[in-house]
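Colleague: I would like a close look at a single part of this model. Please take the nonpolar core and work outward from there.

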Amino acid sequence: MRGATHARWAACAVAVALTATACGGGDDDSGGGSGTGDGSGILSSSWGDPQNPLEPANTNEVQGGKVLDMIFRGLKRYDARTGKANDMMAEKIETTDSQNFTVTIKDGWKFSNGEAVTAKSFVDAWNYGASLKNNQKNAYFFGYIDGYDKAHPEDGSKQTADTLSGLVVTGTNTFTVKLNQKFSTFPDTLGYAAFSPLPQAFFKDHAAWVSKPVGNGPYAIDSYTKGSQMSLRKWDAYSGTDKARNGGVDLKVYTDNNTAYTDLMAGNLDLVDDVPAAQLGNVKSDLGDRYINTPAGIIQTLAFPFYDKDWAKPGMEKVRTGLSRAINREQITDTIFQKTRTPAGDWTSPVLGEEGGFKADLCGDACEYDPEEAKKLIEEGGGFPGGQVKISYNADSGSHKQWVDAVCNSVNNVLDNDKACVANPVGTFADFRNQITQSKMSGPFRAGWQMDYPLIQNFLQPLYYTNASSNDGKWTNKEFDKLVDEANAETDQAKAVDLFQQAEEVLRDDMGAIPLWYQNGSAGYSERLSNVALSPFSLPVYSEIKVS
Amino acid sequence: MGRYVIRRLLQMIPVFIGATLLIFLMVNVMGDPIAGLCGDRQCDPATAAQLRKEFGLDKPVWQQYLTYMGNVFTGDFGTAFNGQKVTELMSTAFPVTIRLTVVAVFFEIVIGITLGVITGLRRGRPVDTGVLLVTLVVISVPTFVTGLLLQLLLGVEWGWIKPSVSTDATFDELIVPGLVLASVSLAYVTRLTRTSIAENRRSDYVRTAVAKGLPRRRVITRHLLRNSLIPVVTFIGTDIGALMGGAIVTERIFNIHGVGYQLYQGILRQNTQTVVGFVTVLVLVFLVANLLVDLLYAVLDPRIRYA
Amino acid sequence: MPEPQSTGDRGAPEGAMAATGMGGAMDLATSEAETLEKGPGAGPGGDPADKPRSLWSDAWLDLRRNPVFIVSGLIILFLVIISIWPSLIASGNPLKCDLANAQKSSGPGHPFGYDGQGCDVYTRTVYGARTSVTVGVCATLGVAVLGSVLGGLAGFFGGTWDSVLSRITDVFFAIPVVLGGLVLLSVVTSSTVWPVIGFMVLLGWPQISRIARGSVITAKQNDYVQAARALGASNSRMLLRHITPNAVAPVIVVATIALGTYIALEATLSYLGVGLKPPTVSWGIDISAASPYIRNAPHALLWPSGALAVTVLAFIMLGDAVRDALDPKLR
């Protein structure tokens with residue numbers, strides 16, 4: 001076990017050099033320093049290279065999100081288990097009209113470089129994120145705030161303001177937000193990383209900050225070697241209540257999640273938050289109960305090119321529904337995904353909860369596998385355009401090939417025709433996205449959505465509202481848009497949810513996109529760890545992990 | 001000889017320009033990389049335009065190429081999409097990959113040539129058949145599977161090695177990955193050596209050497225092997241570039257952050273700066289390797305002369 | 001499946017010989033193997049004809065008597081037959097897949113079991129032959145012809161020819177396969193195997209070209225070539241009569257192994273989404289699909305890999321036999 005010794009030595013060396021906590025004898029020294037729960041143990045976790053610089057408003061993928069989740073705390077934070085948005089840095093967020101909000105933040109919070117977190121830290125950060133000249137990929141999150149059209153003109157006209165006129169600092173710890181439309185659940189969106197506060201150091205020496213980001217969360221970055229490792233250590237002076245229960249986390253960059261998994265089995269790694277699909281068949285025998293599989297706010301769908309007359313003409317809703325009914329979701333999720341996906345019954349996600357708008361049977365019959373009905377519907381609707389349906393996906397990431405092949409086999413078996421459905425791989429993700437944004441798709445294509453915040457609004461409006469930013473299929477329906485507008489203006493949450501669900505029914509009746517399955521987060525961990533959980537964003541809840 | 005080398009070095013200039021231009025155009029033909037940066041979401045047009053401007057993608061291709069080449073000559077290879085300098089990426093990736101290639105070539109030479117000589121001298125015997133069978137396995141089972149199985153057996157079951165290579169990627173960590181990487185080339189080297197040996201062992205000079213009463217060992221190494229090595233050396237020369245730039249599978253399996261991995265990522269994300277930067281260096285490696293091979297011809301076969 | 005012990009030598013597996021009905025040749029072959037072990041000089045006895053024959057017809061006569069050639073020829077013939085009429089030995093439909101059977105091992109009527117999508121591995125292996133053999137053989141032939149012609153010319157003429165051809169080779173070497181595939185193949189909409197083969201030839205010829213060039217440079221130095229030149233032989237005569245037979249061995253060796261790697265490369269291209277489009281069936285696609293599941297369903301990998309191995313074996317044997325036949329020193 002040369003390897004294991006190696007790793008422990010390295011970890012000790014790092015720990016001694018940094019925090020001067022006892023690393024001592026490691027496992028043998030259980031009486032001395034590192035018993036269960038004394039909070040000094042350091043865990044290693046798999047990581048991928050973030051694709052963008054680690055700015056909060058510029059990070060739109062899960063690997064960078066992992067780091068932001070550890071080093072930042074925003075106004076709200078989503079409960080790791082229920083997904084409910086709880087106050088974190090917010091003392092209170094008040095509104096009378098669902099359009100003007102007054103935010104009061106808690107006193108006494110600090111960034112790990114000693115700077116105080118004030119109302120200005122938030123306003124400056126949001127202004128930075130929204131301003132076009134900073135190239136922040138999450139800028140659209142600030143799109144509901146008044147003045148966004150000036151700071152970030154989307155029509156190509158010149159930027160006329162650096163800041164959002166809707167944000168005003170009114171005191172050390174208070175600021176006001178004016179939205180450009182009514183949006184009753186706006187406060188619940190504020191748990192997203194893009195809304196994190198930023199220290200002045202970010203603006204003064206940007207390059208230095210990016211090479212080693214500083215935040216206000218339970219961990220501080222100790223060292224960061226791009227492309228190989230980031231060491232985060234518990235920040236003892238952290239102001240919040242969710243202090244880290246371990247000494248720190250070493251994020252190790254892996255070229256492949258399968259290698260990370262093998263390293264976990266060999267005892268060189270503590271946590272893998274993405275069990276490769278190929279290992280799902282043997283994960284139980286490899287790890288026993290050290291494997292978790294919990295719902296995450298991700299749904300996979302098939303979108304249609306509604307800009308293509310053949311797919312949009314009246315009557316085609318029957319074909320689309322028929323296609324939906326020809327897919328044996330149960331069998332595919334069981335066999336291909338080994339139950340790490342759940343057959344979808346609506347267009348949201350179970351992490352919302354019934355109260356939040358999840359309704360497992362909203363799709364009803366239209367998502368139920370029924371070969372005979374499916375065949376009948378497709379025939380009634382006039383069959384697939386050109387007699388064949390091609391399902392497009394990008395071949396360079398994820399294991400999309402397997403499920404697309406399985407979906408096609410399912411459809412072909414239903415229609416008793418080998419070539420009714422064929423998979424159509426596209427080489428790169430960029431090319432795939434280009435074909436989508438340039439409206440060049442000729443048949444249904446893979447669409448996936450990972451929620452930004454656990455609200456039913458986030459599963460519907462960005463994806464199906466006319467011309468919304470992620471409405472890839474360009475589906476449009478006046479009734480749907482009207483219901484969404486009404487729901488956003490509604491202050492009573494239950495009524496709002498009800499309106500959103502009515503909108504979802506409109507989507508169902510036209511089968512604007514086929515819901516396939518809800519994705520789970522899956523993770524495996526070593527014997528040293530306990531209390532491991534995945535949040536609804538499929539991120540490990542690092543601060544709660546105990547290391548023995 | 002000296003003039004020949006100088007001439008070859010001068011010829012590198014057009015090849016260098018041609019290859020970089022070709023690669024530059026190819027990456028450009030792949031289309032707009034910006035759409036891939038915004039995840040499963042459409043980049044808002046204003047930000048997309050802004051990013052295009054920042055990476056210089058709004059200019060015509062010839063202008064992009066000239067700007068790029070101008071920068072390259074001042075040592076600036078540009079920036080990857082994650083904000084990292086390409087020179088920085090190269091300075092971490094190339095040393096690792098060079099070590100891996102050295103290990104792989106070492107195996108090709110030692111194991112490949114040894115097996116080749118043995119099988120060449122013992123054609124049709126069980127050892128020849130055995131080696132042929134192994135060759136068939138190596139060719140028909142993907143490296144992905146051999147790598148994975150070795151990693152599982154040696155790394156997890158028996159605990160002889162660490163399944164993943166650390167960032168230092170020292171030589172001892174690279175033994176197994178190097179072997180996996182070399183496996184298919186080993187098949188070529190073995191069979192090339194075998195054929196050459198079998199062919200040359202009947203030639204006049206070998207018979208003469210045997211007739212002179214030279215010891216068998218000396219006949220094999222000095223006379224037979226030396227004259228049989230030209231195709232083998234040629235092959236290894238062509239293989240070095242493939243080993244360095246194409247070790248995608250091996251590097252992924254063993255967590256080696258080398259050239260193959262970075263190049264693959266760069267290509268998938270259509271990052272011109274990364275791809276052209278890495279390929280530029282690889283082209284230089286090819287050119288030097290091929291020059292060395294040509295010079296080796298003259299060493300191995302004194303009848304070959306370069307003017 | 002033939003016993004691979006027959007390769008690389010003229011020791012004949014008796015059964016194979018008898019099966020061909022060329023009983024008369026059997027004694028010759030065995031005796032020849034013994035003669036050869038004793039060394040050159042003792043040419044194959046019993047050559048009835050006295051009039052001089054060309055090297056090429058000599059080689060053909062030699063080949064016809066070589067059991068290695070016959071065995072490999074039979075395997076290749078078999079592959080060609082099932083490529084053309086796969087339904088002769090497989091009654092199923094390779095595209096009929098039921099997920100309920102996924103990864104099941106063999107059962108009655110399904111001797112090789114099922115793959116991860118619940119398709120019958122036996123049927124798919126049989127039907128995959130057409131694509132894989134076509135890709136392997138055509139790509140190898142294309143690469144070998146283009147590569148040896150260009151490399152041979154560069155090596156034979158040297159000088160400016162060599163410089164220009166070799167530097168072009170260097171530029172092609174620089175193109176990474178993944179990039180080339182994504183660029184050149186993603187624009188192709190044809191669903192036949194030809195674009196894939198063309199791509200392999202385009203990126204594959206430089207290697208053979210270098211090998212051929214090296215061999216020709218060596219062969220050129222031989223005394224008999226120099227002698228032929230001194231006697232005023234034309235370039236084409238020297239190339240065809242004297243140099244090619246002596247330089248062809250390394251090209252054959254590399255080409256026969258490359259055949260297997262091209263069949264596998266086709267899978268890599270498919271994996272990248274730029275190779276053969278579904279619903280094409282090929283060994284490469286099945287091997288690459290089964291690879292990640294090696295721990296759970298090794299049988300789905302074993303059979304297409306095995307088919308690939310037998311094919312490569314046949315062509316390696318064929319290559320060996322042809323090489324032996326062309327080697328004047330063995331005569």
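**The core and its surroundings**

Modeller: Start with one stretch of chain C. Residues 247–265 of chain C are 100% helix and 0% strand. The end C-alpha atoms of that span are 27 Å apart. Keep in mind that this is a predicted model.

UniProt, in an unreviewed entry, lists residues 247–265 of chain C as a "transmembrane region". The entry gives that feature to other spans of chain C too, including 68–89, 133–157, 177–203 and 301–322. Take residues 133–157 of chain C. This span is also 100% helix and 0% strand. Its end C-alpha atoms lie 35 Å apart.

Now the core. The largest nonpolar core holds 349 residues. Which of them touch the most other members? They are Ile391(A), Val411(A), Ala174(C), Met200(C) and Val254(C). Which helix gives the largest share of this core? Helix α10 of chain C, residues 235–271, does, with 20 residues.

Chain A takes part as well. Its domain 1 (71–217) and domain 2 (298–519) both give residues to the core, so the core lies between them. The C-alpha centres of these two domains of chain A are 33 Å apart. The domains also touch: 13 residues of domain 1 of chain A are in contact with 14 residues of domain 2 of chain A. On the domain 1 side of chain A, the touching residues are four nonpolar, seven polar and two charged.

Chains C and A meet too. Each gives 21 residues to their contact. The chain C side has 13 nonpolar, six polar and two charged residues.

Next, follow Ala174(C) into chain B. Set aside its neighbours within four places in sequence. Ala174(C) is then in contact with Ala19(B), Ile23(B), Val279(B), Leu282(B), Val283(B) and Phe286(B).

What is the secondary structure of chain B? Chain B has twelve helices and zero strands. Its C-alpha trace spans about 80 × 55 × 30 Å along the principal axes. Chain B has 307 residues, and 52% of them count as buried. Finally, look at the contacts in chain B with a separation of 6 or more. Residues 24 or more positions apart account for 74% of them.

Technical notes:
Residues numbered from 1 in each chain as written. Chains lettered and ligands numbered in written order. Predicted model: local features only at pLDDT ≥ 70, side-chain atom pairs only at ≥ 80, totals over all residues. Contact = placed C-beta atoms within 7 Å. Nonpolar A, V, L, I, M, F, W, Y, C, P; charged D, E, K, R; others polar. UniProt positions renumbered as here; feature names shortened; annotations may be inferred. Helix = DSSP H or I, 4+ residues; strand = E, 2+ residues; numbered from the N terminus. Domains from an automatic or database assignment. Core = buried A, V, L, I, M, F, W, Y, C linked by C-beta atoms within 7 Å. Buried ≥ 20, exposed ≤ 12 C-beta atoms within 10 Å, placed from the backbone.
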